[in-house]
Amino acid sequence: MADVSGRRQVVPNVAPAAVPPPTPAPEALLEVRDLRKHFEIRGGLLGARRVGAIRAVDGVSFEVRRGETLGLVGESGCGKTTLGKLILRLLPLSRGEVRFAGRNVFEASGDELKELRRKMQVVFQDPYSSLDSRMTVGDIIGEGPLIHGMRSRQQRQEIVRALLVRVGLDAGHASRYPHEFSGGQRQRIGIARALAVNPEFVVCDEPVSALDVSIQSQVLNLLRDLQEEFGLTYLFIAHNLAVVEHISDRVAVMYLGRVVELADVEAIYRDPRHPYTVALLSAVPVPDTRIRRRRLVLTGDVPSPASPPSGCRFHTRCWLFEVLGRPGNCVATEPELRELGIGHQIACHWAEEITPQAIEAAIRAGAGAPSADRQPAGSA
Ligand SMILES: Nc1ncnc2c1ncn2[C@@H]1O[C@H](COP(=O)(O)OP(=O)(O)O)[C@@H](O)[C@H]1O
Ligand code: SF4
Ligand SMILES: [Mg+2]
C-alpha cells in the first residue's frame with residue numbers, strides 16, 4: 001500500500017466551490033455525542049490514590065449513516081480502539097452517549113441489550129489472538145447463533161458452511177483449528193464469525209493491519225462485497241491512510257482523543273482543511289521526488305493523553321500555528337468541530353488561513369525538511 005497519494009493534492013483548493021442544491025440528510029444508524037473515556041492512573045500505596053487520567057477519548061461526536069463506511073484514521077495511541085470499544089459497550093464510558101437506531105446503547109438491558117449486541121459486531125486487528133485456539137472454526141463461527149437462540153446444531157452447521165464459502169474458505173474447514181490457517185484466512189474466519197448473527201453494523205478495528213500487503217486488498221474487497229450483499233454499515237478504523245481511502249465513504253481524522261476533521265473521502269484526500277490532515281497526507285511517500293522534497297512533515301512526538309496541551313491540543317506540532325505567529329487562541333481555547341463547507345467539519349480556529357502560500361512558508365521555515373528526529377506521521 002505504498003503508492004497511495006500520487007493523485008493527491010495536498011494544497012487545498014481555496015477557490016469557492018459551486019454550491020449543490022441541498023439534499024435530504026441520510027438516516028443516521030449510529031450517533032455518538034460528546035463521548036469520553038478517561039482511564040484512571042492510580043498511585044500511592046497499592047494504587048489507592050487516583051493520580052491522573054489518560055484521556056483516551058475526550059469529547060467525540062459524529063454519526064454513521066446507514067449503509068456507509070465511516071473511516072476513522074489517526075496515529076497510533078490517538079484513541080481509535082477505545083472509541084470503537086465504547087461504541088460497542090465493551091468498556092464503561094466516562095461521559096457522553098451512543099445511540100444505535102435511536103436507542104441509547106448504555107441504557108439498554110436484558111433482551112434489548114442482547115439484541116443490540118447481535119446487531120453490532122466487531123472484527124479485530126489481530127487475527128492470531130482474536131480466535132480461541134481451543135475451539136474449532138465451526139464452533140467459533142457457530143457460537144454467536146447459539147448464544148442468540150439457534151438451538152438446532154444442524155441449522156448452525158449450515159450457516160457455518162455457507163459463511164465459510166462466502167468468505168472464500170472451504171466448507172470442510174469447519175472441523176479445523178485456527179492455528180491451521182494463515183493470517184489472511186484467520187481474518188476471513190473472524191469476518192464470518194461477525195456475520196453469523198446477521199448484524200447491521202460492524203466495527204472493523206484495523207482488520208488488515210496485521211496482514212501482508214498482498215493479502216490486504218483481498219480482505220478489503222471481501223469486506224466491501226459483504227457490505228453490499230448484507231446491507232452492512234461499517235466503522236472502519238485504521239492508521240493507514242491508503243486503506244481508509246480505499247474503503248470509506250466519509251472519513252473522520254482523530255488526534256489525541258478528539259476528531260479534528262470529518263468529511264467525504266474525496267474532500268479529505270483532495271482538499272484537507274485541518275493542518276493535521278494536511279500534514280498527514282503530505283507525509284505519505286509519493287513516487288514523484290519533486291513532491292517528496294516539498295512535503296510537510298509532522299514534527300515531534302504525540303503528546304501524552306494524560307496531559308494534553310492546552311487550547312488546541314495540536315498546537316505543539318502545528319505548522320500553521322507557527323506560520324501565523326503563534327496566535328493566542330490556539331493555546332487558550334479548544335476549537336470545536338465546525339462546518340467549513342457542506343458536510344465538511346474541522347476543529348481549527350484558523351483553517352481559512354490554509355493557503356498554498358502558508359504551506360510554502362511552513363516548508364521554507366523547516367516543516368518540510370525531514371531529519372532523523374522527524375517522523376512522517378502517516379507511516380505510524
Ligand atoms: N485499558 C486501558 N487502560 C489504560 N490506558 C489505556 C487502556 N486502553 C488504552 N489506553 C490508552 O489510551 C490511549 C488510546 O489507546 P487506543 O484506543 O488503543 O489507541 P489507538 O487504537 O488509536 O492506537 C493510549 O494512550 C493507550 O495507552
Ligand atoms: S487551532 Fe491553531 S494550533 Fe490548532 S490546528 Fe488550528 S492553527 Fe493549528
Ligand atoms: Mg488501535
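Let's start with strands E7 (residues 201-205) and E8, which run parallel and are joined by 5 bridges. One pair to look for along this seam is Cys204, which stands opposite Phe236 in E8. Keep in mind as you look around that this is a predicted model. The path from E7 to E8 goes by way of a helix: E7, helix H6 (residues 213-230) and E8 together make a right-handed β-α-β unit.

Stay with E8 for a moment. This strand covers residues 233-238, and 6 of its 6 residues are buried. That goes for both faces: Thr233, Leu235 and Ile237 are buried on one side, and Tyr234, Phe236 and Ala238 are buried on the other. So Phe236, the residue across from Cys204, belongs to the same face as Tyr234 and Ala238.

Now step across to strand E3 (residues 69-73). E3 and E8 run parallel too, with 5 bridges between them. Thr69 has Tyr234 as its bridge partner in E8, and Leu72 is paired with Ile237 of that strand. How many residues of E3 are buried? The count is 5 of the 5, so E3 is largely enclosed by the rest of the structure. Here again both faces are covered, with Thr69, Gly71 and Val73 buried on one side and Leu70 and Leu72 buried on the other.

E3 has another partner in E9: these two strands run parallel and are joined by 4 bridges. Leu70 of E3 finds its bridge partner in Arg250 of E9. Arg250 turns up again a little further on, since its bridge partner in E10 is Asp264. The pairing of E9 (residues 250-255) with E10 (residues 258-264) is antiparallel and extends over 6 bridges.

Time to zoom out. The strands met so far belong to an open sheet of 8 strands, in the order E6-E7-E8-E3-E9-E10-E12-E11, with mixed pairing. Which strands stand at the edges? They are E6 (120-123) and E11 (338-341); each has a single partner strand, so one side of each is left without a neighbour in the sheet. From one strand to the next, the twist averages 25°. Helix H5 packs on this sheet, where it touches E6 and E7, and its direction makes about 175° with that of E6.

H5 also leads us to another helix. In H3 (residues 137-147), the buried residues are Val137, Ile140, Ile141, Gly142 and Gly144. What covers them includes helix H4 (153-166) as well as H5. Just after H3 comes Gly149, with a positive phi of about 100°.

That brings up a bit of backbone geometry. Most residues other than glycine have a negative phi. Asn198 goes the other way, with a positive phi near 60°. You'll find Asn198 in the loop between H5 (183-195) and E7. Is Asn198 buried or partly exposed? It counts as partly exposed, because it has 13 C-beta neighbours inside 10 Å. Asp34 also has a positive phi, near 45°, though this residue is found in a strand, E1 (residues 28-43). Asp34 is exposed, because there are 11 other C-beta atoms within 10 Å.

Finally, have a look at the ligands. Ligand 1 is surrounded by Phe39, Ile54, Ala56, Gly74, Ser76, Gly77, Cys78, Gly79, Lys80, Thr81, Thr82 and Pro305. Strand E2 (49-65) and helix H1 (80-87) are the elements that give two or more residues to this shell. H1 provides the largest share, 3 residues. By type, the shell around ligand 1 divides into 5 nonpolar, 6 polar and 1 charged.

Ligand 2 has its own set of neighbours: Pro275, Cys312, Phe314, His315, Cys318, Leu320, Phe321, Cys330, Pro335, Cys348, His349 and Trp350. What is the division into nonpolar, polar and charged around ligand 2? This shell has 10 nonpolar residues, 2 polar and no charged.

Conventions. Residues are numbered from 1 along each chain as its sequence is written. Chains are lettered from A and ligands numbered from 1 in the order in which they are written. This is a predicted model: local features need pLDDT of at least 70, side-chain atom pairs count only at pLDDT 80 or more; totals for chains, interfaces and linings use all residues. A residue is near a molecule or strand if its C-beta atom, placed from the backbone, lies within 6 Å of it. Ala, Val, Leu, Ile, Met, Phe, Trp, Tyr, Cys and Pro count as nonpolar, Asp, Glu, Lys and Arg as charged, and the others, Gly among them, as polar. A residue is buried if 20 or more other C-beta atoms lie within 10 Å of its own, exposed if 12 or fewer, and partly exposed in between; C-beta atoms are placed from the backbone. Two strands pair if DSSP finds at least two bridges between them. A crossover is right-handed if, with the strands pointing away from the viewer, the path from the first strand over the helix to the second runs clockwise. Two residues are in contact if their C-beta atoms, placed from the backbone, lie within 7 Å. Axes are lines fitted to C-alpha atoms, for helices over the stretch in contact, and angles run from 0 to 180 degrees between N-to-C directions.
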